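Student: I'm new to this one and don't know where to start. Could you pick a single part and walk me through it closely?

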Amino acid sequence: MALARTKRLPSRPVILLLQLGVLVAFFLLWHVLTETKILSPFFFGTPMAVLARTWTDFMSGVIWYHLGITLLETALAFAIGTVAGIAFGFWFARAPLISVVFDPYIKAVNALPRVVLAPIFALWLGLGIWSKVALGVTLVFFIVFFNVYQGVKEVSPVVLANARMLGANSRHLFRHVYLPSALSWVFSSLHTAVGFAMVGAVVGEYLGSAAGLGYRIHQAEGVFDTVGVFSGMLVLTIFVVVIDAVVTVIEKRLLHWRPQEAHTTNAQG
Amino acid sequence: MPEVAAKAPALQTDGGATPALRLEGVTCTFPSPDGRGRTYTAVQGVTFTVAAGEFVSIVGPTGSGKSTILNVAAGLLTPSQGSALAFGKPVSGINPHAGYMFQADALMPWKSALENVAAGLEFRGVPKREAEERARPWLARVGLDRFGDRYPHQLSGGMRKRVALAQTLIVDPKIVLMDEPFSALDIQTRQLMENELLDLWSADRKSVVFITHDLEEAISMSDRVLVLSAGPGARLIGEYKVDLDRPRDVAEIRMTPRFLDLHREIWGQLREEVLKGYAQTKLT
């Protein structure tokens, strides 16, 4: 079995341990550099202070409110962007004229840096959550849109012909062939889409709001509170890692039909 | 001497009964892939008839438009000229009497084996639960009762073909179109599948049009073998009745003298076409 792979990776716990080691080493380096004043604690904070601040924020419960707001914005941006992306992706893929006519405009809008839209959205939708949701939607929409478009276009013609021979009408074809094919593309971009939904939320908050993680980081920066900034970034990072793990679980659930890399029975997954 | 038995591509008349399938002067012309308005004729003036319950094979060199003929019979392709008739009625759109087993993998990869087999029933309005209950015995028939919850990528090539076979037959098509269904399988699996197909077929005698480039496969399974000339513009050039006894075992029947005679006879004609086809592929 060892023949199957030229080089075997160590087992999962070992890898986790190594990953943890990198984290510890990073904090240790940061700690040493700031303790010895090679890096100024004013500009770089100290890991102890950052951890302590994060801890008190979580304990006092202040952060939960902001976390909740950011999460809500992310979820809404993701949901709306995905649904719109799927709808338009299907429409464009099934209506060649539409797709040809709108092609340059889609590309143009997608090429636009979305950050410049943030003030416009704030103007239109106010400083509440909806301006952030709108920003997130503009990011998520295009990822999902392009993937669905691709997914519908790349349905195997043989599978399609087979379904038709088995008596599928256009409604069946949508539900049993096009949709699963498109969704597999959507799910493969799920990580990116969720990430962008959050970028939209945080950037929106950063540029103008009264709540959320982006707002907290912005506040801290305004008073040169580096520890606050780093603490905000730390919370954001934890948040991203947790969401990514959730997405991975969902992805595994929904795409169980897809071939994984070949594994022998005693290989570690 | 191979010329002797090569009759004209005839209109087989089967005692006046409506044939299950009839192609009449089918010509298919496609725009050439290199563009510039040129065209490419795959098949030309193809006429043949398949009686109800008859097993007919079509052999021909690669690139002779065998799949094109099946696509016309299935209603997936409208011929440039001529027409296809199923039980006397012209085929327009998908041929509702036909089941089609494709050469390439055509299972829906996001459905399990059981769901794939049940799909045809579901499309016909059978509730999902019931469709799956009815699909179970079909999986058992092709020897896969323990593999119902596997997805296509978790099955071997032979198993996928079995699922495809069950998927095609469960909706009880009167005409079964098969496009080199076993060509991707190794020889042992292939003979097993051929025997299984013959077993299933003898149970309820559907009309079968079986495309293959393998003459031995064609003779050992069919009632009749049609020979297609090399493309482009392939036409039917020979028709041979296979008068071997049934039930047959595809591996054993290949040893019988009658089989060898037939093989020699048909191969004499097919060989030239294969060589022609080969010469053309070398040119392009």
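Tutor: Sure, let's take helix α7 of chain A, which spans residues 129-153. Keep in mind that this is a predicted model. To place the helix, start with the UniProt record: an unreviewed entry annotates residues 67-251 of chain A as "domain: ABC transmembrane type-1". Over that stretch the chain is 86% helix and 0% strand, and the end C-alpha atoms sit 24 Å apart.

Now, what does α7(A) pack against? One partner is helix α9 of chain A, residues 170-188: the two axes come within 8 Å and cross at roughly 140°. That angle makes α7(A) oblique to α9(A). On the α7(A) side, the touching residues are A:V144, A:N147, A:V148, A:Q150, A:G151 and A:V152. They meet A:Y178, A:S181, A:A182, A:S184, A:W185 and A:V186 of α9(A). As for handedness, the crossing of these two helices is right-handed.

Our helix also matters to the largest nonpolar core, which has 126 residues: α7(A) gives the most to that core, with 15 residues. Among the core members that touch the most others are A:V140 and A:A197, along with B:A73 and B:L177 from chain B. Take B:A73 as an example: setting aside neighbours within four places in sequence, its contacts include B:L21, B:L23, B:A84 and B:V209.

Finally, follow α9 to where the chains meet. The contact there takes 17 residues from chain A and 20 residues from chain B. On chain A's side, α8 (157-165) and α9 each supply at least two residues, and α8(A) gives the most, with seven residues.

Technical notes
Residues are numbered from 1 along each chain as its sequence is written. Chains are lettered from A and ligands numbered from 1 in the order in which they are written. This is a predicted model: local features need pLDDT of at least 70, side-chain atom pairs count only at pLDDT 80 or more; totals for chains, interfaces and linings use all residues. A nonpolar core is a set of buried Ala, Val, Leu, Ile, Met, Phe, Trp, Tyr and Cys residues joined through C-beta atoms within 7 Å. A residue is buried if 20 or more other C-beta atoms lie within 10 Å of its own, exposed if 12 or fewer, and partly exposed in between; C-beta atoms are placed from the backbone. Helices (H or I, at least four residues) and strands (E, at least two) are DSSP runs, numbered from the N terminus. Two residues are in contact if their C-beta atoms, placed from the backbone, lie within 7 Å. UniProt positions are given in the numbering used here, feature names are shortened, and annotations may be inferred rather than shown by experiment. Axes are lines fitted to C-alpha atoms, for helices over the stretch in contact, and angles run from 0 to 180 degrees between N-to-C directions. Angles under 35 degrees count as roughly parallel, over 145 as roughly antiparallel, 65 to 115 as roughly perpendicular and the rest as oblique. A crossing is left-handed if the near helix is turned anticlockwise from the far one by less than a right angle, and right-handed if clockwise.
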